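These are my notebook entries on a structure that was new to me. I set down what I looked up, entry by entry.

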Amino acid sequence: LPLAPARRARLAAAGFQTAQELLETGPCGLSKEIGISKEEALEALQVVRQECHGDAARTAGGSGATRKFTALELLEEEQAQGFIITFCSALDNILGGGVQLSKITEVCGAPGVGKTQLCMQLAVDVQIPECFGGVAGEAVFIDTEGSFMVDRVVDVAAACVQHCQLVAEAQQEEDHLKALETFSLESILSHIYYFRCRDYIELLAQVYLLPEFLSEHSRVRLVVIDGIAFPFRHDFEDLSLRTRLLNGLAQQLIIVANDHKAAVVLTNQMTTRIGQSQSTLVPALGESWGHAATVRLIFHWDNSQRLATLYKSPSQKEATIPYHITPHGFRDVQPPAVTQNAEGTEMNPRKRPRREEEKQ
Amino acid sequence: MAAKKLRRAQLSQDLCERLSRCQITTCQDFLCLSLLELMKVTGQSYYEVQKLLCKVSRACAPKMQTAYEMKLRKSVSPSSAFLSTTLHSLDRVLHGGVPCGSLTEITSPPGCGKTQFCIMLSVLATLPLSMGGLDGAVIYIDTESAFSAERLIEIAGNRFPDYFDSDEKVFCMTRSIHLYRELTCCSVLQRIMSLEEEIISKKVKLIIIDSVASVVRKEFDTKLQGNLAERSNFLTRGASVLKYLAEEFSIPV
């Protein structure tokens, strides 16, 4: 051990035989036993600890140990982090800018309310170049229900490219035009990596292989799992196994989200909870699954209007906003005041104010 | 995929033997255990077990395709993507017709014409490709005993009089519509499970189930406690098999 010989002599005199005993005593105990100051004891212990850990690290092949951050470093990291916009400004507002990277977002809703539409929109939006306000990433789409329609993604991507082209024309900047050269329909489609999982074993296998896949394709910034409830809701007699597998899945996804700075979006189904007097719709997969996602959105109907509610979020407050699914994807509801060409134009409502200013 | 034996996942022989002593023979058993249990069973270190996990996962994980490849594949054969219903406004709303490769559900109050629609679709599916059909056989699973062969011939004769001018053509069409009468949930499920081989051997291009709700409502009373779970179990199991068949063979269901 690389300690000063005098100190070593004192340790031997006190009866310490192995490094393990030293570590077990702790600095205060050590200082009392040998008669050295607390700082010196701490120093000695740290040296010993490094030696021991050096051996352990060599045998384990090095693993990502827990990292410590100060809150300030975390703040800087969070502020520099990008968001994936959804093209629905109301939804982006209640989410605090859009879907956050490195966090798990869960979207729950009844069938047909628009969860897969949102996922397809996000898979296109994550690829928006940085000069237009996007994160310039690629997307992994894991489909368990078979509801991914390529033609629909083509429509959404075409609308997105058109929107960016209009922005570039309005602003006429160098990097905008350069970015547009690579941001085309073909490139968007070829950067959506699609996996079709038929049952929960394939889903588990795919999630275990995700870290490797993401290291190879380091530009992936979004992982969508469309229908995490579907393979787990049938054919499962052993509910405890299901809970255990779901927890393991959640842990894996958190690791993936943090290590690769990717946003993870899951879609969940709704189930009916039969209470004392009435039954309510709640997200499926049970209470313990509710802890897996950081941000939870619930989509529901109100007469014929689709609403999105932010149900759980660490930084934003609860809010409900209406949204629309148009031929061009996920959009805001048109406000009634600006409806002159509402049927005619199929533009993103966020663009409307600028165009009207130009006309004026 | 999940029931793949571990032996075929390229694990070493003695490892397979060791695992089979603990009754772990398929990929499914392997992946269902937690890391600690795997370490205990295989007797290897944490790092080694993670590598084993990756190996086994690779054996059952699905293949990757980019959305672009999917689009190219679809655009190669555009006409086979939909079965046109010959109702123009309906086709327009559905973007071409009943989509091949996915499940379509038709619901309505009684008497609106669901069974008639199904019968018409069966006729359409047997038509040759040049007339907008799928040129194949049809599997019709009937739970309400509402299928009438006479009505089938009537529709065929009146709708396409030039095509069905000879008796032989009519016989040909009726021969390719396979009708199965199932009256209980179990038999429906069994029938769905056994469809895979029939689809290949009879060159089936359309599956119709008329109707799912009737047989389920007959057998499962939702007021009884355990029945709700059993019912959804049955439904989701049937649905996932049907989805698999629809996607695998690119046929409408």
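**Entry on B:Asp91.** I looked up B:Asp91 and found this residue in helix H6 (residues 88-93) of chain B. Helices here are DSSP runs of H or I with at least four residues, strands are DSSP runs of E with at least two, and both are numbered from the N terminus. B:Asp91 counts as buried because its relative accessibility is 11%. I use buried for under 20% relative accessible area, exposed for over 50% and partly exposed for what lies in between (1.4 Å probe, protein chains only). Apart from neighbours within four places in sequence, B:Asp91 is in contact with B:Ser84, B:Thr85, B:Thr86, B:Gly96 and B:Gly97. Contact means that heavy atoms lie within 4.5 Å.

**Entry on the basis of the values.** I note that this is a predicted model, in which local features need pLDDT of at least 70 and side-chain atom pairs count only at pLDDT 80 or more, while totals for chains, interfaces and linings use all residues. Residues are numbered from 1 along each chain as its sequence is written, chains are lettered from A and ligands numbered from 1 in the order in which they are written, and side-chain values use heavy atoms, with hydrogens and water left out.

**Entry on B:Leu94.** I next turned to B:Leu94, which lies in the loop between H6 and strand E3 (98-99) of chain B. With a relative accessible area of 34%, B:Leu94 is partly exposed. I also looked up its separation from B:Val241: the two are 147 residues apart in sequence, and their C-alpha atoms are 24 Å apart in space.

**Entry on chain A as a whole.** I recorded 14 helices and 13 strands for chain A. Of its 360 residues, 47% count as buried. Among contacts in chain A between residues at least 6 apart in sequence, 65% join residues at least 24 apart.

**Entry on strand E3 of chain A.** Why is strand E3 (residues 104-109) of chain A described as largely enclosed by the rest of the structure? I find that six of its six residues are buried, so the description follows. A:Ile104, A:Glu106 and A:Cys108 lie on one side, A:Thr105, A:Val107 and A:Gly109 on the other, and both faces are covered. E3(A) pairs in the parallel sense with strand E7 (residues 263-268) of chain A over five bridges, and A:Cys108 has A:Asn268 as its bridge partner there. E3(A) also pairs in the parallel sense with strand E10 (residues 295-302) of chain A, over five bridges. In E10(A), A:Ile298 stands opposite A:Cys108. Two strands pair if DSSP finds at least two bridges between them.

**Entry on helix H7 of chain A.** Helix H7 (residues 115-125) of chain A is mostly covered, with 10 of its 11 residues buried. Among the buried residues I list A:Lys115, A:Leu118, A:Met120 and A:Asp125.

**Entry on the interface.** The size of an interface is often given as the accessible area lost when the parts come together. Between chain A and chain B the buried area is about 3,300 Å², and carbon and sulfur atoms give 64% of that area. The term stands for the accessible area (1.4 Å probe) that two parts lose on being put together, summed over both. Chain A brings 37 residues to the contact and chain B brings 35 residues.

I find zero salt bridges between the two chains; one would be a side-chain nitrogen of Lys or Arg within 4 Å of a carboxyl oxygen of Asp or Glu.

**Entry on strand E5 of chain A.** Strand E5(A) pairs with strand E1 (residues 64-66) of chain B in the antiparallel sense, over three bridges. Within this pairing, B:Met64 is the bridge partner of A:Phe195.

**Entry on A:Gln206 and A:Arg198.** Is A:Gln206 buried or exposed? A:Gln206 is buried, with a relative accessible area of 3%, and is found in helix H11 of chain A. Beyond its neighbours within four places in sequence, A:Gln206 is in contact with A:Ile142, A:Phe195, A:Cys197, B:Ala61 and B:Pro62.

A:Arg198 is found in the loop between E5 and H11 of chain A and is partly exposed, at a relative accessible area of 32%. Leaving aside neighbours within four places in sequence, I find A:Arg198 in contact with B:Tyr244, B:Glu247 and B:Glu248. A:Arg198 and A:Ser218 are 20 residues apart along the chain, and their C-alpha atoms are separated by 26 Å.
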